[in-house]
Amino acid sequence: RPSPPHMTPQRKTASTPRIRTLIADDEPIARRGGRLLLERDSGIEIVGEAAGGVEAADLITRLRPDLVFLDVQMAGCDGFETLRRVGPEAAPVVVFVTAYDEYALRAFEVNAVDYLLKPYDDVRFAAALDRARDLVMRKRNDIVDNRLTRLLEHIEGGPPCTILDFG
């Protein structure tokens, strides 16, 4: 049976790197479910999984994923504390995943791109992933634009720049 249009695997081209994604949830079944849905998409690379907030903060810092599916309530520290530990400059695009709707407003206050309420279905997950993908791509384009601007300033005799800053 063919995949519904919203779950059709994305075609990866040589010019479009895969979205490096981390799954952070203290429930093994939830991590597995998210992994299975993400593995359907060839544009996604799962770079790691965390079972708690402290581990998630460490993996985000070390692996620098583009996107994280982050549970709100986890052992060690919650998803909000995880993001605080990482800091706003290093924070990836975030989709919060939780069984509790009372954290939705706070999630958007920390710039989450979406808020998935457990249990979610494939359609809702796909919508969250599409929103996250769009934001990751916009961030990548902004980085390229900034590098090109610095390069042009350098060529035109503007202030010296660091052209190869990949941060």
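In the predicted model, Phe-96 is buried, with a relative accessibility of 0%. Phe-80 is likewise classed as buried, its relative accessible area being 6%. The count of aromatic pairs comes to 5. In one of them, the ring centres of Phe-80 and Phe-96 lie 4.9 Å apart with the planes at 35 degrees, so this pair is tilted. The contact joins distant parts of the chain, since Phe-80 belongs to helix α3 and Phe-96 to strand β4, with their positions 16 residues apart in numbering.

A second pair is formed by Tyr-100 and Tyr-103, whose ring centres are 6.3 Å apart; the planes meet at 90 degrees, over the 60 required, and the pair is therefore edge-to-face. Tyr-100 has a relative accessibility of 37% and therefore counts as partly exposed, as this value falls between the 20% and 50% limits. Phe-80, Phe-96, Tyr-100 and Tyr-103 together make up one aromatic cluster. Phe-80 also has a charged neighbour: the charged end of Arg-106 sits over its ring, 4.0 Å from the ring centre.

The second largest pocket holds about 260 Å³ of space. Its lining comprises 13 residues, of which Leu-83, Pro-88, Ala-91, Val-110 and Asn-111 are the closest to the pocket centre. Two or more lining residues come from each of α3 (79-86), β4 (93-98) and α5 (122-155). The largest contribution to this lining, 3 residues, is that of α3. By class, 9 of the lining residues are nonpolar, 2 are polar and 2 are charged.

Methods:
Residues numbered from 1 in each chain as written. Predicted model: local features only at pLDDT ≥ 70, side-chain atom pairs only at ≥ 80, totals over all residues. Heavy atoms only, no water. 1 Å grid on protein atoms, 1.4 Å probe; cavity = no way out; pocket = protein on both sides within 12 Å on 5 of 7 lines; lining within 4 Å. Points joined across faces, edges and corners; volume = space filled by probe spheres on them. Helix = DSSP H or I, 4+ residues; strand = E, 2+ residues; numbered from the N terminus. Nonpolar A, V, L, I, M, F, W, Y, C, P; charged D, E, K, R; others polar. Phe/Tyr/Trp six-rings, centres within 6.5 Å; stacked < 30°, edge-to-face > 60°. Buried < 20%, exposed > 50% of the residue type's maximum accessible area, 1.4 Å probe, protein only. Lys NZ or Arg CZ within 6 Å of the ring centre and 35° of its normal.
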